[in-house]
Amino acid sequence: MAAPSQSDGRYISPSVFQAYFGLKGALGERLFDLVTQERNDQKLAFEDLVVAKGTYEKGTNDEIEEFVYQLSDVTGDGALGRSDIESVLVTIFDDIFNVKSSEPGSSSQGDMVDIFLNSATFSRGDERCNDKSMSFEDFRKWCTLIPSLRKFLGSLLIPPDSGRPGSQVPKLLHLESIDSSMLLLRKEYAWHIGGALSQQELEEWKLLYHSTLNGLSFNTFLGSITNDNGPTVLIIKDNEGYICGGYASQPWERHGDFYGDMKSFLFQLHPKVSIFKPTGANNNLQWCAVSFSSEAIPNGIGFGGRIITLACSSQQALIRDTLSLAQHSTALAFQRTVKSAQK
């Protein structure tokens, strides 16, 4: 990097640094400032990079998250405000998706920024202005709800061509006759869900079921998601526009009790994004009861230790972060494809 900086190999310029690591705008400028220890001399020495990578990539979790927190304060004024977060999200979406809002599978960037921002908390008072900023604890909680964000911001000193964590978006497979605008799973939503999964699980997701196309029969729904063994992503939208769902790490199989593992989780996609992983309080993770019911397990499928019926025939669905029941308008399910089994 030093050679293109025209510095006789002594330092790296901001433009060369940002081009090498594939960073643009305020986020790239802020990362350069932090790596150069905010000297404001526009010169990054080899020693600066060694120290930064030691902290940013090999430090304790607290050290890394403190670095990422400072990085997100793109104005460098010590207050992580809404405008800082907006700038970070715009940079991330531009870097990962790089599509026009009119393209299939994309959404208005402004709308998506708002949806991700809706999960953030700004509780820190600032005497210099009336607007509150995000405290370090606020930021950590936000990253817990959006692990894809934490992965991306925590890997910016890895060259993008080497498979930077937090940049992977599953390829969504469906019949060519299906209009992409019908799908609830936007690319940004897939990126969000994928933040809680391994890189191997982010290659291809195949559409198994769509209530608009396949109807509202529970037997049809269950048959569609059980024909192929493997994890599934279930997404539901209610008539008020709330979108949520769950990731089932185990195949949907008839059981007389709860089953599954700690890889399963619930998520929310609209009007805000969040991921809710199992707490470990019990093993009530996933259930599938077909053609029978009991006091413990009713007829249907579901997630978690609280029984809430998900039955397309009765048009009930798990919805909102309060886990309330609501009439649903659309449901669909995707399954991760197994690369070794592809033709």
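**Confidence, fold and the packing of helix α6**

The model is predicted, and the protein chain averages a pLDDT of 81. A score of at least 70 is reached by 81% of the residues. Confidence varies among the elements. Helix α7, residues 136-145, has the highest mean pLDDT, at 97. Strand β9, residues 316-319, has the lowest, at 31.

Two stretches score poorly. Over residues 307-331 the pLDDT stays under 50. The model nevertheless gives this stretch 93 contacts beyond four places in sequence. Over residues 337-343 the pLDDT is also below 50. Here the model has six contacts beyond near neighbours in sequence.

The secondary structure of the protein chain consists of eleven helices and ten strands. The chain has 343 residues, and 49% of them count as buried. Contacts often span long distances along the sequence. Among those between residues at least 6 apart, 60% join residues at least 24 apart. The exposed surface of the protein chain is about 16500 Å². Carbon and sulfur atoms supply 47% of that surface.

Helix α6 illustrates the packing of one element. This helix covers residues 109-117. Its buried residues are Met112, Val113, Ile115, Phe116 and Leu117. An α-helix has 3.6 residues a turn, so residues three or four places apart point the same way. The buried residues of α6 pack against three helices and a strand: α5 (82-96), α7, α9 (187-194) and β5 (265-270). One of these partners, α7, is the helix with the highest mean pLDDT among the elements of the chain.

Methods
Residues are numbered from 1 along each chain as its sequence is written. This is a predicted model: local features need pLDDT of at least 70, side-chain atom pairs count only at pLDDT 80 or more; totals for chains, interfaces and linings use all residues. Side-chain values use heavy atoms; hydrogens and water are left out. pLDDT is the predictor's confidence in each residue, from 0 to 100. Helices (H or I, at least four residues) and strands (E, at least two) are DSSP runs, numbered from the N terminus. Contact means heavy atoms within 4.5 Å. Buried means under 20% relative accessible area, exposed over 50%, partly exposed in between (1.4 Å probe, protein chains only). Accessible areas come from the Shrake-Rupley method with a 1.4 Å probe; for residues, only the protein chains shown count as cover.
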